[in-house]
Amino acid sequence: MSGDHDHGHDHFPEPEPYEALRTRALESLLVEKGLVTTDAIDEIVRTYEQDIGPMNGAKVVARAWVDSDYKRRLLENGTEAIAELGFGGAEGAEIVVLESTPQVHNVIVCTLCSCYPWPVLGLPPAWYKDAAYRSRVVREPRAVLREFGLTVDESKEIRIWDSTASLRYMVLPERPAGTGDVPEQKLAELVTRDSMIGVGLARSRSEIA
Amino acid sequence: MRLRRSGTIGISGIHDMGGVPGYGRVEPESDEPIFHSEWEGRIFGLVTSVKGGLSRPRLESLDPDEYLSGYYQRWMLAFERGLIERGVLGAEELDAKTEYFREDPDARPTRRIEPALTERVREGMYRQRDVRRQPVRAPAFDAGDPVRARGIRHGGHTRSPKYVQGKRGVIHAVYAAYDLPDDNPHDEVAPAQHLYSVRFEGHELWGGSAEAGTAVHIDMWESYLEPLGSGVAERTDA
């Protein structure tokens, strides 16, 4: 991709991809039939671009790192503890939180589809929905994690959670060493999307300013 | 109660990709946008606000090439086919409208603004749904019980992936009861069943090629499982 979106008048504009035309046709017809409105679609796009994303899950993780009572509630009933912070909704009817420890490293996948805990992680990245990740991570998780730059010690179990049913999973990553004095808000900045999927770890404190 | 789907949709099986070789390396993007182009966001908004278009059986009935063409590509295909099948849209009017937008690249979809509907859509994104159901019987398995995943032969939609069918596992956790989403041949409404987290060791799933110290935990409805060993007589399929 050149990234050049400057369609000047001096040269021919690139033809629109079929999908863009087809989507315009679908939107137009569904609006004309009264089944949807323009601003409803605008609002859904805006919400998932701005309001519902991994910054929500990061707040949940940071709270669990500093508050052991909250962590206990979170591991007992993820959905309710996540609702305490104001998060819930579509694709979050039942959220189960998996604690990664020095003994067990958790990773989530949906081999049949692309199930993902939207209220805390937002919409999944493209690779999570693609065939390579879905097919391989159940069979050779260590090799797949190495492709993400994460080598998990052989002595540590890797536990893959295939979300096939009504529940959605998120990972509570291990708290980075040496962060005992870091305040909760700052801790949330260490929590990456990938660490809550399990294909990465939380950042070390030296990685944030 | 929901009506079962009647099995009129043929499942290609392409979606059931756990353990299937040949899909290459995982390619994460750095600084990936939520939507890669405007149409992805629009189709996402349409699919999540217009009920009855997209369903998992429809996604699973796409040809392999269609399914693998991309995530929002397959959403779009399954969505429009669902709407056409249900008579919400006509195939000809959709093609004609597509042609209209091809001929006039500056044309934009018909606009309608309605704050009340937008508010309902907004509430829907945040509404907490209760998907638990009253079970008709007590759970058949306890944590620690050895089980085997049954073969699923109805050919329709199921949540039991092929890579665990026939394999031995152990009940890791007993969950609540939920509606079984499988197609069934007689269009019956299946009562809600208990769901379990079942642990399968890597070496049980993949034999000698398994990586050491790996296991898969997978959610399975009770009818996907049969008891195994420890003196319990094995049930046979009725």
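How many residues do chain B and chain A each bring to their contact? Select both chains: the contact takes 90 residues from chain B and 81 residues from chain A, where contact means heavy atoms within 4.5 Å.

Before going on, a word on conventions. This is a predicted model, in which local features need pLDDT of at least 70 and side-chain atom pairs count only at pLDDT 80 or more, while totals for chains, interfaces and linings use all residues. Residues are numbered from 1 along each chain as its sequence is written, chains are lettered from A and ligands numbered from 1 in the order in which they are written, and side-chain values use heavy atoms, leaving out hydrogens and water.

**Stop 1: the interface**

Stay with both chains. They bury about 8100 Å² between them, 59% of it on carbon and sulfur atoms; buried area is the accessible area (1.4 Å probe) that two parts lose on being put together, summed over both. Now pick Val26(B), Arg42(B) and Met125(B), which supply 9% of the area that chain B buries against chain A, more than any other three residues.

Ten salt bridges are counted between the chains, each a side-chain nitrogen of Lys or Arg within 4 Å of a carboxyl oxygen of Asp or Glu. To see a salt bridge, display Arg122(B) and Glu43(A), whose side chains meet at 2.3 Å, N to O.

**Stop 2: chain B as a whole**

Hide chain A and colour chain B by secondary structure. You should find seven helices and five strands, taken as DSSP runs (H or I, at least four residues, for helices; E, at least two, for strands) and numbered from the N terminus. Their order from the N terminus is α-α-α-α-α-α-β-β-β-α-β-β.

Next, colour residues 1-129 as domain 1 and 146-227 as domain 2; these bounds come from an automatic or database domain assignment. The centres of the two domains, taken over C-alpha atoms, are 28 Å apart.

**Stop 3: helix 5 of chain B**

Zoom in on residues 91-103 of chain B, which form helix 5. Which of the residues in helix 5 of chain B are buried? They are Leu94(B), Lys97(B), Thr98(B) and Phe101(B), buried meaning under 20% relative accessible area and exposed over 50%, with partly exposed in between (1.4 Å probe, protein chains only). These four cover an arc of only 100° around the axis, so they sit on the same side of helix 5 of chain B; the arc is that of the directions from the helix axis to the C-beta atoms.

Bring chain A back: the buried residues of helix 5 of chain B pack against helix 1 (18-32) of chain A together with helix 4 (71-85) of chain B. Finally, turn to the face away from that buried side, where the exposed residues Glu92(B) and Glu103(B) are carried.

Key:
The expected span of a helix is 1.5 Å times one less than its number of residues.
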